[in-house]
Amino acid sequence: MHDLSSENHPAATTPSELNAHSGSATSCEPASHALPLANNNVCCTGLSPKTLQRFAIATLVIVAATATYAAAYFAGMAQQANADMEAARAATTNADDVLANWEGLPIANAAAAVSSEKFSVCTGLISEESEALFVLDHNSGLLQCSVLYPRLGRFMATYTINVADALGMEAKGGSYIMVTGTADFPSSSNRPLGFSVVYVLDTASGNYACYGVPFDRVAMKSNRPQQGVMFLIGQGSANPVVDRDDLR
């Protein structure tokens with residue numbers, strides 16, 4: 001039989017002893033269980049409420065400034081466009097007013113004339129559709145008349161004459177001035193005449209002469225070329241001799 005005495009079996013453990021053992025066991029556990037938890041606010045220090053508020057305010061200011069600049073820019077562009085439209089409208093109105101003021105006024109036929117040391121040039125109306133170009137060579141005294149056919153766009157009529165004989169020029173190299181005028185001479189199919197006459201003045205002697213152009217308007221309408229000699233209509237002097245007997 002087994003011996004059931006207390007010597008062979010340990011004594012029963014009391015609750016107080018169990019609690020003592022438990023406390024000692026707890027105290028021997030690893031210290032890691034007692035470490036404090038990490039503070040999550042440490043990583044978010046840069047995004048605090050004040051920082052977020054400042055960032056939002058700065059963003060709103062930038063957006064507002066950008067919107068204001070864009071609005072001002074487009075408003076300026078619209079204002080400039082309106083100003084350009086008003087200026088164009090005003091210019092059109094002024095042009096219409098000018099044209100309206102000219103209605104009913106007679107048409108002015110303008111002629112041009114210019115002289116140099118060697119040549120004199122002038123223009124004059126030769127028909128209802130064209131004008132003549134007169135060129136005088138001061139060295140030779142040769143006067144030429146050329147007429148442009150508008151339908152062909154070419155000079156198709158040429159007339160010439162030497163003015164030295166009518167002006168009493170004996171030597172070459174005269175000094176002349178020349179202008180055109182209009183005269184409504186009777187004409188016929190056998191003796192056609194242009195609308196213009198040309199006046200040539202010798203500035204040295206004061207003698208002048210008037211010439212006509214035998215221009216055929218029917219030939220121009222038929223696109224036929226023309227050439228001929230200008231004819232002397234009249235002559236005179238800018239320095240007449242005064243007859244004292246006639247003044248008495």
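## Exercises on sheets and an aromatic pair

Strand β7 (residues 196–202) and strand β8 (residues 207–212) run antiparallel and are joined by five bridges. The model used in these exercises is predicted.

**Exercise 1.** Determine which strands stand at the edges of the open sheet that contains β6, β7, β8 and β10, and explain why one side of each is left without a neighbour.

*Solution.* Begin with the order of the four strands, which is β6-β7-β8-β10, with antiparallel pairing in this open sheet. In the next step, look for strands with a single partner: these are β6 (176–182) and β10 (231–237), so each of them has one side without a neighbour in the sheet. Neighbouring strands here are turned by 20° against each other on average, when direction is ignored. To end with a single residue position, follow the pairing of β7 with β8, where valine 200 stands opposite alanine 209 of β8. As general background, the strands of a sheet pair through backbone hydrogen bonds, and the pairing may be parallel or antiparallel.

**Exercise 2.** Describe the open sheet of six strands, and find the bridge partner of tyrosine 149 in β5.

*Solution.* First write down the order, β1-β2-β3-β4-β5-β9, and note that the pairing in this sheet is mixed. The edge strands are β1 (113–115) and β9 (226–229), each of which pairs on one side only. Between neighbouring strands the average turn is 15°, again with direction ignored. Now turn to β4 (residues 142–149) and β5 (residues 154–162), which pair in the antiparallel sense over eight bridges. The partner that tyrosine 149 meets in β5 is arginine 154.

**Exercise 3.** Classify the arrangement of the rings of tyrosine 73 and phenylalanine 74, and decide whether each residue is buried, partly exposed or exposed.

*Solution.* A pair of aromatic rings is described by the distance of the centres and the angle of the planes. The count of aromatic pairs comes to one. In this pair, the ring centres of tyrosine 73 and phenylalanine 74 lie 5.4 Å apart and the planes stand at 75°, so the pair is edge-to-face, since planes over 60 degrees apart receive that name.

For the second part, recall that exposed means over 50% relative accessible area and buried under 20%, with partly exposed in between. Tyrosine 73, at 45% relative accessibility, is therefore partly exposed, whereas phenylalanine 74, at 58%, is exposed. Phenylalanine 74 belongs to helix α2 (residues 49–102). Both residues also contribute, with Tyr69 and Met77, to a nonpolar surface patch of about 530 Å².

Terms used:
Residues numbered from 1 in each chain as written. Predicted model: local features only at pLDDT ≥ 70, side-chain atom pairs only at ≥ 80, totals over all residues. Heavy atoms only, no water. Pairing = 2+ DSSP bridges. Helix = DSSP H or I, 4+ residues; strand = E, 2+ residues; numbered from the N terminus. Axes fitted to C-alpha atoms, helices over the stretch in contact; angles between N-to-C directions. Phe/Tyr/Trp six-rings, centres within 6.5 Å; stacked < 30°, edge-to-face > 60°. Buried < 20%, exposed > 50% of the residue type's maximum accessible area, 1.4 Å probe, protein only. Patch = residues over 30% accessible without salt bridge, like charges linked within 9 Å, V, L, I, M, F, W, Y side chains within 5 Å. Areas by Shrake-Rupley, 256 points an atom, 1.4 Å probe, with all protein chains shown as cover. Salt bridge = Lys/Arg side-chain N within 4 Å of Asp/Glu carboxyl O.
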